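User: Please take a close look at one part of this model, the protein surface beside one DNA strand. Set that part in the context of the chains that build it.

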Number of protein chains: 2
Amino acid sequence: MTQSTAIEPVFNRLLQVAVEVFAECGFREATVREICSRANVNVASVNYYFRSKEALYSQALAFAFRETNRLYPQDAALDKSLPPEQRLAVFINNFLHKLLDDSQLGLHSKLIAREIADPTNALDDMMETAIVPQIALLEDIIRQIIKEPVDKVVVQRYLLSIFGQCLMFKHSRSIIDRLYPNLIADAAAIQASAEHIAQFSLAALSRLTLPKEQTTP
Amino acid sequence: MTQSTAIEPVFNRLLQVAVEVFAECGFREATVREICSRANVNVASVNYYFRSKEALYSQALAFAFRETNRLYPQDAALDKSLPPEQRLAVFINNFLHKLLDDSQLGLHSKLIAREIADPTNALDDMMETAIVPQIALLEDIIRQIIKEPVDKVVVQRYLLSIFGQCLMFKHSRSIIDRLYPNLIADAAAIQASAEHIAQFSLAALSRLTLPKEQTTP
DNA sequence: AATAATTTTAAACAACTGTTTAATACAAGC
DNA sequence: GCTTGTATTAAACAGTTGTTTAAAATTATT
């Protein structure tokens, strides 16, 4: 009696379940036995298919990235023909949904956020593959919004201000859920939050980069 | 031969070392043996003075809060006679330093940030004692800045935008250190970041709350 | 059909975990 | 000095961890 309920081979099943469990528990608290149990495979399978628990984690992380980018492609944000303000709004909305989606898709970003908050050796690989491109895209959008050329470090600061507003919903979710539970209730609420962040950021950008004109009427 | 090098009694030494180790490793990865080893006490001491590892963690967290508020009091931000814009700047600067100080003081906030990102049962106590007052203070400042009365949820959103920009430096520090290592290099750099956040937020607030006047010249 | 290669299994491994125990050392009180 | 209560200790406990092993089952190859 083989327990393989799915057509999926053991390797893939392990990978998917690993994302699930690592996202829930983190690397250390997650146990190989729990992963194997949920995947309906023997305990030894992890060491057979992947070399070790750590190698499985590494591959699960990479897999999570591939999945998020597959499920939430950011075509519209990439479209340079759109006005940059709109690109920013699309970027933020997409990013926030990617972060906060609680469905199975959301597990992937949960795992990623965990890796950022408490990095392992796997973070360095993650940087180049997934994070740097995102950063570059947002940098590009910001530069388009503030038309005049500005110092590199200024763009960095704007970028962090925008990213910070988004990531807060992920990293401090435990607090937001307790204080303002209705802010992340559903997809509509998430979109409303995204719109606020876009508005807030665009307001700041326009005010800060149109210099020396009408501070207060 | 008793190893008690310090005058501090065992109880206090355990508490201080616990903050250190829990901040470095998190609750689960931290081991009782490591804590006792660093405190130069026997392994059984944790269960003798505190009931369990979990109870020690809970007390260490409370201790960390007391220490941060003792070392970084926010008198200036509380001073209602100051103009609210200045209060905001002081609040952000103080908050950011509290978060990012790498000296021994910084360990406390590291532990707290960890608890927020990956909460245990101890979070609920933490909310009322330490977080709600901070939130209330910032809410008050925001309301003063936008003079007209606004909807509660609007204030919440502004608040999260400001907090988010600050917390990003803490929760995504691993990434910032890799991308823009000079942004958190020293106290001056931290202050510069704080000033940016204050400027950015004030710009957004003034633009968003002075409606229907000169959008673009 | 027989052989070879791969996959799956249960059991054991050694290391580490938080906690308990029971003996010892130490101090204070009378 | 002796007793009492507290503090400290080394050792052991029972449970869990990631990993290995060697046999069994399955699949692929000839």
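Analyst: Read from its N terminus, chain A runs α-α-α-α-α-α-α-α-α-α-α. That is 11 helices and 0 strands. The model is predicted. Along the principal axes, the C-alpha atoms of chain A fill a box of roughly 80 × 35 × 30 Å. Of the 217 residues in chain A, 37% are buried. Contacts in chain A between residues at least 6 apart in sequence include a 67% share that joins residues at least 24 apart.

Now the part you asked about, the surface near DNA strand D. It holds 18 residues. Five of them come nearest: A:Thr31, A:Ala44, A:Ser52 and A:Lys53 from chain A, and B:Asn42 from chain B. Three elements give two or more residues each to this surface. Chain A supplies α2 (32-39) and α4 (53-71). Chain B supplies α3 (45-49). By class, the surface near DNA strand D has 8 nonpolar residues, 7 polar ones and 3 charged ones.

Both chains take part here, and their arrangement can be stated. A turn of 180 degrees, with a shift of 0.0 Å along the axis, lays chain B on chain A with an RMSD of 0.1 Å. This is the relation of a two-fold axis. In chain B, the residue closest to that rotation axis is B:Ala204, with its C-alpha at 1.9 Å. The interface residues of chain B are 100% shared with those of chain A, so the copies meet through the same surface.

Key
Residues are numbered from 1 along each chain as its sequence is written. Chains are lettered from A and ligands numbered from 1 in the order in which they are written. This is a predicted model: local features need pLDDT of at least 70, side-chain atom pairs count only at pLDDT 80 or more; totals for chains, interfaces and linings use all residues. A residue is near a molecule or strand if its C-beta atom, placed from the backbone, lies within 6 Å of it. Helices (H or I, at least four residues) and strands (E, at least two) are DSSP runs, numbered from the N terminus. Ala, Val, Leu, Ile, Met, Phe, Trp, Tyr, Cys and Pro count as nonpolar, Asp, Glu, Lys and Arg as charged, and the others, Gly among them, as polar. Copies are superposed by least squares on the C-alpha atoms of residues with pLDDT of at least 70 in both. Two residues are in contact if their C-beta atoms, placed from the backbone, lie within 7 Å. A residue is buried if 20 or more other C-beta atoms lie within 10 Å of its own, exposed if 12 or fewer, and partly exposed in between; C-beta atoms are placed from the backbone.
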